[in-house]
Amino acid sequence: MTAIPLAPAYTPLFAPASLAPEHSPRPLTAQPAEPANDSDADEFDNPTALNNAFAERHNWQTLSQALHKVLESLEQASHGDMSSEQKSQLEATLASHLNTVSISVCEDSSYYRKHKLTPTSLVKLEVFLSGSGLTPPKTLDDLLALYQVAVKQAHSHPLGNFSGALAWPIPLNAQQKQTIIDLLNAPHATVPGLPLADKKKGVLGYLLSAANLSNADLKQTSNAVETLLGSANAQALGRAIQTKLGGIATTSSINDYLLAAIHLGLDSTITSEPTRTNVAEFDLNQRAFWGKSAPAIIDGLSQYLVTQGLATAPSADLAARVLLARTAPHCLVKDIPPGVTYGSIPWAQLAIAAAKLEAQSPGCVLTMTYAQVIAAAEDLDIGAALTHAIQREALRNWGVANELLKADPVPTETQMLAVQSTFMAQQSALQATSTALATPIPMCEEMGMALLKSEFPGIADDVFRSKCLTKATLSPGRPGRSPGKHSMLDVVMRGEKVNHGDKEHWLTDDKRIPIEAFCIASAGGKLSVAEPFAENYKQAIEAQEKGHAGLTQYLISTLPPEDRKNFEYGQLEFFRTNQYKIENDFWNKTLYRKDHTLDVKITRDKQVNLYRIDTLAGTVSKHNDLLKKYTPPYKELERRDANLLSKLEEFNPFADEHATQAPEKKPTTSDTPRVFDSERSAYIAKLVVNALDLQSEDLRNYARGMTSYDKDAADNKRLRELFLNMIPLRSAIVNFMQGKIGDGLFDLATDVVGLVTLGAGKVAQAGRVFAKGVSGVKGVARAARFLGTVAIQALNPLDGAGDLLKGISRWTLSKARKAVSVLKGANGSYDALKAAGTQHGLAAIGTYKVADQRVEAGAVFRNGHWHAYDVIKQQPYGAPLDHFQPTVATLGGEVKALDTPVAA
């Protein structure tokens, strides 16, 4: 790990927009101030600075992992309300961990060099934190706060979103982009790489031709790009672009210009007004991707780049990812569940969450998982206008993919409101489905144990299970005992009670059992869970049936358009595999197990397809390779294994309804049907639920549990397997309800439809911990809730504001305003502006011209010119500003308002 500069040269991830730099996590080691003039430009070694930035990020990752382990151990020992003594003990344990846990430090980091470590060196956490300028935590809250900082920094990408100067707070304008293109195509140049030998493959092709990268290397996007930027020829090319544009030299400027040039070579539309969902003239919202996963989009763009001659087959994946990092970063998020497909509700939620995070810290989602992205964006405030713009874009794409809107022209507000209404209705239905599926199936034994523990605290579980109770009638002269021995748990599960009026009692020789209190409670009717179990079980199964019906309709709605049409219009035939046990007479057989999947053979326009609906896995998959098996005369329908017979059987429990719903239908429109809540998909869902047979007596018996009263002790192992198989997702639901400690110590889970949830397990701890996390959940009451399911705003986010400034995006305008707010400070202290002046000399807030309009921004004065100032990276960037007019300036810590703004 390093002297982790909470990267002055790179965006601290998730730092609140209102947080002034001086209140941001400071660099773990002091960084040298930049030279005062461009004659010192050679001192800016971009490859070394980038290498150091990756090392610092690696250290943050190592630190966050170490802190996470410490947190987990302390969380297990902590309680909601602790005494002073308990808190002291916890703090002592924390101090011990900090002095015993060691970490390795990255060799290219500042900390490694400063402390002259060796490759085998290990550093104690306490020593590392102190040596890095971080205060070692004293309390659990301190530890959690430091951990959150480390997690955010670990996700901060040194290369941002691979767009370089195109992702600056004020990015390159159209004229500057064209200047780069003209330079790359100039007929005469002495700079390596100019003019480009292969103009079609652009700068990326040139850099790849000079690099020795294997196919495996090209799959590691960050490492590959770092290698490409590091060569002497690459740096010479970047310096030539910087000189041509008159850009100020910094430790990242050459890399920024090179990355911009890579994009300009791959995507010629950048210099003009590109089509809304296009990248390199490739439509990411095309019909071919509807219902497909993120890898399908990446592969589609890769193949397109090869056919256009913009990339070779080995480099196409790298080129596609570099382009998508700028235009559709949500496609590059890690661990996206397979069911989260383009056009689904969770996909829209992912696109919104990723865009919010990218607006604050470009490139951050490239290092994050699906669940992390959804959680991190939950309560992130990037401003109402920008939030609404992001939501509107995602809503429009969702409307097109669900054929509620045409790709063009721009939809009216009435159309958008209709799409918004449909989206919100489906989102609510999905939440209801997920909630129903997460309904726990009650277990009579668990309910009985809970009741006994509440009535008889302090007694061991084995006492409750000890079968040593006998029921007796103690009438004088007429004593009698009922047959059989039972446990306290048996009695509670069965609900049997004694009647003191008839002088009934429970007797036992086990002195551990509080028999007198047990008899009194039994006579009073307090010791029975039979009726509560029956009612709870009935409600749970009904919820599960509703959940699986909704899940089935949802899964069909996420399929590609042609598959959706098959389900809605094709002829339907259903099949299910049942397993039978051959009896000893080799003739009779009894049903042993029912499969949890339902196969659907669909014929439409003489084309036959076979689909398998599996609510255990949460999938609808195509299996046309099995069609022969499902074709008359239906051979291969049976398979024998010892005394078990597996038999594929047609499934038609609703003959009358099947006669109207199953035949092939003629579509009334060329559009893809809306199947999310159609009559046809509801019928299919009804069959799936019926096939699951959730109301079966075997399932109820398993949940009810075996007691000493049950004469026929069925094969409990078989019943258990049957129960788990016939209650799809039960194992996942148990995990979901119990909670899993995930990154950030949140109880996060991703359910079957891809919704991310703060689980119900460890509620008190989750409430306290999550409240301090990136999502800012307000208290325990908000635990066990779905994340990312926010209300989508359809209306124009800038109503009444008129047209936006020509050539300035909402994102650019929003970032410029926030930057100025940071420089001014929350109370007009101008602390951030003073810090900029101290580091760079003369700094100011003022206005300059963009596309014939004036925009307010921060700037620093260097070599007779004003250059834009990045408040996050705390350094100037780009070419001289056009007619910058300072209104507030600072020099040597003194802030002065200029009554008459003048251009320097």
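**View 1. Confidence across the predicted model.** Mean pLDDT (the predictor's confidence in each residue, from 0 to 100) is 82 for this predicted protein, with 80% of residues at 70 or more. Two stretches fall under 50 throughout: residues 1-41, with 133 contacts (heavy atoms within 4.5 Å) beyond four places in sequence, and residues 728-745, with 53 of them. Where pLDDT is low, don't read the predicted coordinates in detail. Numbering starts from 1 along each chain as its sequence is written, and side-chain values use heavy atoms, leaving out hydrogens and water. Local features need pLDDT of at least 70 and side-chain atom pairs count only at 80 or more, while totals for chains, interfaces and linings use all residues.

**View 2. Strand 10 and its hairpin partner.** Strand 10 (residues 597-604; strands are DSSP E runs of at least two residues, numbered from the N terminus) has eight of its eight residues buried, meaning under 20% relative accessible area with a 1.4 Å probe, protein chains only. In a regular strand, side chains alternate between the two sheet faces. Here Thr-597, Asp-599, Lys-601 and Thr-603 are buried on one side, and Leu-598, Val-600, Ile-602 and Arg-604 on the other. Strand 10 pairs (at least two DSSP bridges) with strand 11 (residues 607-614), antiparallel over eight bridges.

**View 3. A closer look at the pairing and the turn.** Val-600 sits opposite Tyr-611 of strand 11. Two residues separate the strands in this hairpin, and Asp-605 takes a positive phi near 50 degrees.

Notes. Buried < 20%, exposed > 50% of the residue type's maximum accessible area, 1.4 Å probe, protein only. Helix = DSSP H or I, 4+ residues; strand = E, 2+ residues; numbered from the N terminus.
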